[in-house]
Structures are given as structure tokens and as C-alpha cells.
Amino acid sequence: MTEDQSIAVFILAGGKSSRMGEEKGLAKLHGKPMIQYLIEATSGLAQSQSIIGHHPDYSQFGIPVFTDLIPDNGPLGGIYTALSYCSTDRALILSCDSPLIQSQTLVKMIAHFNGKILVGTLGDRMYPFPGIYSKSLLPQLKENLEANFLKVQSFIHNNPHKLISWDQISANSELEFANINTPEELLAWEKDEELKGLSKK
């Protein structure tokens, strides 16, 4: 896979993980921390990889870890922090609670980016992550944060954006874009036979 020097990868892991009951990105799925799946999927994909998080154990993965510049502002604050540290014009931003996304899907996604924001849809729902965001959005992000307008989907709708159907670029979108937020969901995926094959790739 050819490294794309014009994009950087950031994995958001700064949430409170209240529903999981433990640090979500470090919760193990088939014996491997969920965030590790995303680190492996994006390895060799971009100029750099970083984690936006506050737990000290994220240092074990050997890539930079940044804490939120403006704490307690949710995923929108994470996007702001990622773009603030981004050394390229655009960033691929992922969330640690969707660990099953595959490299080839992300490559296709990057190929479709040609504006300010690119995010995916599944059915009638829009997913902010994984998403590609332009560094030029920083002033608008800061304005929203200062006004306490923190809804990521509203931010996307209010700025130039492009939507892509996950079914268009993924052979198994329901699996790849599953969110794992609770111990019950984690246990269900542990037992899923289809996942056992995907998680070993």
C-alpha cells in the first residue's frame, strides 16, 4: 500500500467510555485492544498516525498521543485537536469504537475526497467517522466550540461536505462500520463467527 504524503491519520480515543466501563480503545476484542485494529489498518496509509486521547497506556503503541486542546467538548473537540496538530492539508479521522474498518475501504474513501469534508452513510444515517476533514476548517471549528455548538453532524451539514455510501466502497459495510460501545456489544462481537475471520486479517 502506497503511503499518501498529503494526509495524516488521527484516531479519537478521548471519550469518557462511560458505557464501556473501561477505557474503550484499550478494551480487548479477540485479545487485541480495539484501537490496535485501527492502527494496523492505517499503517502505511498516510504520512503519520496519531492518537487523540488522555489515557497513559496509549503510549504503548509507539505513535504520538495528543490530549484535547479544549477538554470536554466531545468528538468535535477531537476533530479540532486533530486538525490543530495536523501537518498536512487534510486528516483522516477515525473513532476507536469502530475497530473493524479495513485498509482497502479507507484507500477508496481517500480517493473520493475533493473538498472540505467527506463522510459516509449507511442506510439513512450519516457517520462522521471515519471522515476526512480539511485543516482549513479550523476557524469554523473554533467558532463552534467557543459557542458551545458541539454536534458533529450539525457542523458537517453547515459546512461544504460530500457524502459517500459505505456500501459503495465496502464489501461488508454492516460489519466494518459497527460501533462497539458497551461490554454487551463487545461480547456479542467476540462470539460472532464472521468477525473472527475479519479480526485476524
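1. Start with the pair in the middle of the sheet order: Ile 93 stands opposite Gly 131 in E8. The two strands involved, E6 and E8, run antiparallel and are joined by 4 bridges. Bear in mind that this is a predicted model. Confidence is on your side here, though, since E6 has the highest mean pLDDT among the elements of the protein, at 98.

2. Now the whole sheet. It is open, has 7 strands and mixed pairing, and reads E5-E4-E1-E6-E8-E7-E9. At the edges sit E5 (65-66) and E9 (162-165), each of which pairs on one side only.

3. Take the E1 side next. E1 and E4 run parallel and share 7 bridges. Two pairs help you find your way along them: Asp 4 has Ala 46 of E4 as its bridge partner, and Ile 11 stands opposite Ile 51 in E4. Ile 51 also has a bridge partner in E5, namely Val 65. E4 and E5 are parallel too, with 2 bridges between them. As for cover, 6 of the 8 residues of E4 are buried.

4. On the other side of the order, E8 pairs with E7 (residues 117-122) in the antiparallel sense, over 6 bridges. Leu 118 stands opposite Ile 132 in E8. The two strands form a hairpin with 2 residues between them, and Gly 123 in the turn has a positive phi of about 65°. E8 is mostly covered, with 9 of its 10 residues buried.

5. Arg 90 deserves a look. Is this arginine, Arg 90, buried or exposed? Its relative accessible area is 14%, and the cut-off for buried is under 20%, so Arg 90 counts as buried. Arg 90 lies in strand E6, and its side chain makes a polar contact with the side chain of Ser 6 at 2.6 Å. Beyond its neighbours within four places in sequence, Arg 90 is in contact with residues including Asp 4, Ser 6, Ile 7 and Ala 8. Others it touches are Ile 110, Phe 113, Ile 132, Tyr 133, Ser 134 and Lys 135. Two of these names have come up already: Asp 4 as the bridge partner of Ala 46, and Ile 132 as the residue that Leu 118 faces.

6. Helix H2 (residues 74-85) is worth a check on geometry. Its 12 residues reach 17 Å from first C-alpha to last, close to the 16 Å expected at 1.5 Å a residue. Which residues of H2 are buried? They are Leu 76, Gly 77, Gly 78, Ile 79, Tyr 80, Thr 81, Ala 82 and Leu 83. For orientation when you click along a helix, an α-helix has 3.6 residues a turn, so residues three or four places apart point the same way.

7. What covers the buried residues of H2? The cover includes four strands of the sheet, E1 (4-13), E4 (46-53), E6 (90-95) and E8 (125-134). It also includes the helices H4 (138-146) and H5 (152-157).

8. Ile 39 sits in helix H1 (residues 34-42). With a relative accessibility of 11%, Ile 39 counts as buried. Setting aside its neighbours within four places in sequence, Ile 39 is in contact with Ile 11, Gln 49, Ile 51, Phe 61 and Ile 63. Two of those contacts, Ile 11 and Ile 51, are the facing pair between E1 and E4 from point 3. Ile 39 and Ser 50 are 11 residues apart in sequence, and their C-alphas are 8.8 Å apart in space.

9. If you are wondering about cysteines, the structure holds 0 disulfides. Cys 86 is in no disulfide, and the nearest cysteine sulfur, that of Cys 96, is 19 Å away. Cys 96 is likewise in no disulfide, with the sulfur of Cys 86 as its nearest, at 19 Å. Cys 86 is buried, at 4% relative accessibility. Cys 96 is buried as well, with a relative accessible area of 5%.

10. Last, how far to trust it. The protein averages a pLDDT of 91, and 92% of the residues score at least 70. The weak spot among the elements is helix H9 (residues 193-198), which has the lowest mean pLDDT, 54. Where pLDDT is low, the predicted coordinates should not be read in detail.

Definitions and conventions. Residues numbered from 1 in each chain as written. Predicted model: local features only at pLDDT ≥ 70, side-chain atom pairs only at ≥ 80, totals over all residues. Heavy atoms only, no water. Expected span 1.5 Å × (residues − 1). Buried < 20%, exposed > 50% of the residue type's maximum accessible area, 1.4 Å probe, protein only. Contact = heavy atoms within 4.5 Å. Polar contact = N/O pair within 3.5 Å; in protein donor to acceptor, adjacent residues only side chain to side chain. Disulfide = S-S within 2.5 Å. Pairing = 2+ DSSP bridges. pLDDT = per-residue confidence, 0-100.
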